[in-house]
Amino acid sequence: MIPEDIMKVPEIPTGTIELPMMPLRDLVVFPTMVVPLFVGRGFSIRAVEEALKKDRLIFLVLQKDKATETPTIEDLYSVGTIAHVIRSSPIEEYRLKILVQGIKRGRLLEYTQKGDFFTATVEIIQEQELEPENLPKEVKAYVRSVKEHLETAVSLGKRIIPDLLMLIRELEEPGRLADLVASLLDVKSSEAQKVLETVDPVKRIQLVHQFIQSEVGLLEVQSKIRGVARERIEKEQKEYFLRQQLKAILEELGEGDEKRAEIEEYRKKLQKLKLPKEAKAEVEKQIKRLEKLHPESAEAGVLRTWVEWVLDLPWDKSTKDRYDLEKAREVLDRDHYNLEKVKDRIIEYLAVKKLTKGKSQPVQILCFVGPPGVGKTSLGKSIAESLGRRFVRISLGGIRDEAEIRGHRRTYVGAMPGRIIQAVKQAGTKNPIIMLDEVDKLSLSFQGDPSAALLEVLDPEQNKHFVDLYIGLPFDLSDVFFICTANRVDTIPRPLLDRMEVIFLSGYSEEEKVFIAKNHLLPKLLPEHGFKEGEVLFHEDALLEVIRGYARESGVRNLQRQISTILRKLALKRLKGETLPFEVKAQDIKSFLGVSKRHMLSEEKPMVGVAVGLAWTEVGGEIMLIEATKFKGKGNLILTGSLGDVMKESAQAALSYIKSKAEEYHIDADLLSQIDIHIHVPEGAVPKDGPSAGVTICVALLSLLTGKKVRTDVAMTGEITLRGRVLPVGGLKEKILAAKRAGIYHVILPSKNREEVLEDLPEYVRDKMNLYFVDNLEEVFGIIFSKEVEKVGDSSDS
């Protein structure tokens with residue numbers, strides 16, 4: 001509570017009066033206005049103290065320039081306010097907080113310095129007071145309009161104390177209303193001084209009306225803007241203020257030049273790169289755009305990422321190919337056994353490069369096709385090492401979006417380059433070896449066809465100007481050595497396959513697996529399991545037992561797993577205290593790996609209506625039993641075992657051939673119309689198709705209808721015609737190896753495949769196998785139903 005004697009305003013005489021003076025920097029105090037002031041200058045503090053000693057009156061006058069510390073009379077406005085100091089309290093050692101109330105206007109005549117404060121001679125300005133009842137209509141209109149505008153300003157968000165607003169609503173005298181409203185307006189101090197200097201109450205209310213009308217107009221515009229895009233503006237304002245604060249903090253820390261340094265770094269990188277002229281111009285253009293953007297904006301982030309991607313690409317970096325043919329051959333032989341065709345192809349490529357001094361045509365795209373585990377992927381790494389190039393692998397299995405290959409457009413959130421450009425960047429050179437793994441397992445979806453996107457990538461005539469949708473600039477892929485891998489070629493689109501040089505990798509024979517295990521797998525696996533050379537000795541018959549009983553697939557992955565299993569068990573024995581070295585013999589394998597999965601078909605007894613066929617799958621060659629049975633019916637042919645259309649047609653062709661030769665084979669033709677024949681291929685959950693089972697189906701049918709037993713130690717393959725001719729088929733090396741793994745050493749093959757088989761099949765396999773090349777079914781029947789089967793080279797290999 002403030003005592004009443006202090007709150008009581010002293011009487012102010014007319015004429016002139018001498019009062020302590022306090023210049024104000026940027027605030028105008030109006031009569032009747034109660035306002036707190038912070039006093040910091042020494043002469044102002046002394047003036048307040050002097051006022052408090054006497055009648056608590058002080059003269060407040062505005063400075064023309066708020067920066068002036070010790071103003072002269074020329075630095076002060078001529079009109080100020082005589083105020084009453086209601087309360088004073090120190091807030092710091094040399095500062096005061098005072099509460100003053102304006103009383104009357106006064107004109108500064110002169111001022112003098114008394115000691116350490118200013119004393120002003122002030123002329124009291126007598127103001128005309130108008131009776132509300134006698135106001136002219138025009139003045140009343142101004143009064144009402146000022147009140148209405150003030151109400152509008154409050155509705156638009158202007159904050160005014162409710163009690164003060166209530167007082168203004170009841171106030172009708174124009175002079176006092178003008179002073180009170182002027183103290184609430186957001187106007188410059190010079191404009192507020194104009195209101196203070198306007199003594200005439202009518203002119204004063206008109207001036208205040210002009211100011212409040214302008215402020216209301218500004219508030220309406222602000223309200224309209226907020227109404228149209230309130231959320232966006234609030235967000236932008238928040239970001240703006242945060243950025244300004246961040247900018248100020250960075251400037252204080254001396255880090256304000258980071259953006260400039262970043263732009264300069266980009267330009268230096270660009271100057272060092274040997275980009276095409278158009279590409280360089282585009283990058284420079286985008287760097288200029290980035291320079292103008294705020295570093296924290298979303299667009300700047302997208303653009304910065306793009307610039308960094310472009311500048312990090314190896315536009316002019318490449319490794320030098322090693323043309324040492326002997327060294328290359330040594331690396332290939334060290335890492336892979338056999339695979340002579342592939343090795344020869346790489347050596348030929350190096351030879352051409354050496355002769356042309358690296359200026360030969362772009363290398364043909366290679367595609368390694370073969371069953372799993374034969375070394376397709378690791379072969380790519382060896383090729384890279386032999387050439388001295390970087391190696392990057394891209395797995396294409398299951399990819400269904402062409403943007404994975406060609407990249408996403410920058411308009412999308414989270415856009416990034418395709419896998420090809422990513423691989424090139426990862427390699428760091430423009431001429432790496434990029435292996436496209438599992439190219440036969442690409443998928444097609446509504447998002448596009450990735451195999452179609454690969455057409456440009458794998459075409460040496462087109463990939464010189466490959467454009468990734470994210471980068472948007474042509475990049476030369478003609479120096480990249482692409483190697484694809486696949487398990488089968490029938491699922492690769494024909495246009496894509498046409499761009500590749502296909503090299504088939506067949507499965508391994510038992511002899512090859514033994515060699516690989518001894519010279520490649522064991523040297524790698526022993527250190528991995530804590531053994532040194534010589535601490536574990538595998539007998540060759542033990543390796544053969546593992547291969548025949550537990551790892552009969554075409555590749556060597558499962559063989560590696562089985563050897564690892566044995567080594568883990570040996571490691572456990574070593575920790576239990578058993579002495580080194582360990583010897584692994586054939587009779588020990590069962591204790592390590594459990595019951596053998598080996599089943600030798602050649603040991604089966606001959607059966608009627610069951611023939612042994614050979615099939616090729618994406619995991620290598622397989623033995624395929626074909627069974628036939630008959631029962632009373634109407635001459636129908638029933639086919640089961642998940643057979644495809646081609647295989648069903650082969651069965652129909654075989655039956656038609658048997659029917660046409662019924663008399664020759666002593667088959668009752670009338671009987672065929674009274675029975676149904678059922679042909680089944682076991683493992684019904686596995687889809688099967690292809691024409692190569694024609695010979696086997698025909699043998700099974702003839703055995704069924706004549707009652708002759710079919711030897712189970714003879715396997716066969718070949719397509720047939722209605723005239724009984726045997727046509728060539730594919731995958732013969734895989735099929736022969738599958739027969740050998742099953743213990744079948746007699747194989748019937750189409751004669752037109754003779755040269756291919758004799759060339760592809762290793763000599764040590766040919767020596768153990770009895771191959772019979774036939775032209776027609778009569779020769780097949782002569783072999784399969786004979787009691788003794790002769791070796792290849794004798795009269796039966798027609």
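Strand β3 (57–62) gives the most to the lining of the largest cavity, with 3 residues. This is a predicted model, and the cavity in question has a volume of about 30 Å³. Alongside it, this briefing visits the second largest pocket, which holds about 650 Å³ of space, and three helix pairs. Helix α13 (376–387) is a good one to keep in view, as α13 supplies part of the pocket lining and also packs with α12.

**The largest cavity**

- The count comes to 1 cavity of 30 Å³ or more.
- Besides β3, the strand β4 (79–92) and the helix α6 (189–197) each supply at least two residues of the cavity lining.
- If you would like to find the cavity on screen, look for Leu24, Leu27, Val28, Val29, Leu60, Val61, Leu62, Gly80, Thr81, Gln193 and Leu196, which line it.
- By class, that lining has 8 nonpolar and 3 polar residues, with no charged ones.

**The second largest pocket**

- The pocket is lined by 24 residues, and those lying nearest its centre are His336, Gly373, Gly375, Ser378 and Val556.
- Three helices, α13, α18 (510–528) and α20 (557–575), each supply at least two lining residues.
- Helix α13 provides the largest share of the pocket lining, 5 residues.
- Sorted by class, the pocket lining divides into 10 polar, 7 nonpolar and 7 charged residues.

**Helix α13 with α12**

- Helix α12 (residues 340–355) packs with α13 at an angle of about 25 degrees, and their axes are 12 Å apart.
- An angle under 35 degrees counts as roughly parallel, so α12 and α13 are roughly parallel to each other.
- The crossing of these two helices is right-handed.
- On the α12 side the contact involves Val342, Ile346, Tyr349 and Leu350, which meet Leu379, Ile383, Ser386 and Leu387 in α13.
- This contact has 7 nonpolar residues, 1 polar residue and no charged residues.

**Helix α13 with α11**

- The axes of helix α11 (residues 325–335) and α13 come within 8 Å and cross at roughly 155 degrees.
- Angles over 145 degrees count as roughly antiparallel, and α11 and α13 are therefore roughly antiparallel to each other.
- Helix α11 passes α13 in a right-handed crossing.
- Here Ala328, Val331, Leu332, Arg334 and Asp335 in α11 meet Ser382, Ile383, Glu385 and Ser386 in α13.
- The residues of this contact divide into 4 nonpolar, 2 polar and 3 charged.
- Ile383 and Ser386 of α13 are worth picking out, since they appear in the contact with α12 and in the contact with α11.

**Helices α9 and α10**

- Helix α9 (residues 277–292) and helix α10 (residues 298–312) pack at an angle of about 150 degrees, with 10 Å between their axes.
- That angle makes α9 roughly antiparallel to α10.
- The crossing of α9 and α10 is left-handed.
- From α9, the contact draws on Glu282, Val283, Gln286, Ile287, Arg289 and Leu290.
- From α10, the residues taking part are Glu299, Ala300, Leu303, Arg304, Trp306, Val307, Val310 and Leu311.
- By class, the contact of α9 with α10 has 9 nonpolar, 1 polar and 4 charged residues.

Conventions
Residues numbered from 1 in each chain as written. Predicted model: local features only at pLDDT ≥ 70, side-chain atom pairs only at ≥ 80, totals over all residues. Heavy atoms only, no water. 1 Å grid on protein atoms, 1.4 Å probe; cavity = no way out; pocket = protein on both sides within 12 Å on 5 of 7 lines; lining within 4 Å. Points joined across faces, edges and corners; volume = space filled by probe spheres on them. Helix = DSSP H or I, 4+ residues; strand = E, 2+ residues; numbered from the N terminus. Nonpolar A, V, L, I, M, F, W, Y, C, P; charged D, E, K, R; others polar. Axes fitted to C-alpha atoms, helices over the stretch in contact; angles between N-to-C directions. Parallel < 35°, antiparallel > 145°, perpendicular 65-115°, else oblique. Left-handed = near helix turned anticlockwise from the far one by under 90°. Contact = heavy atoms within 4.5 Å.
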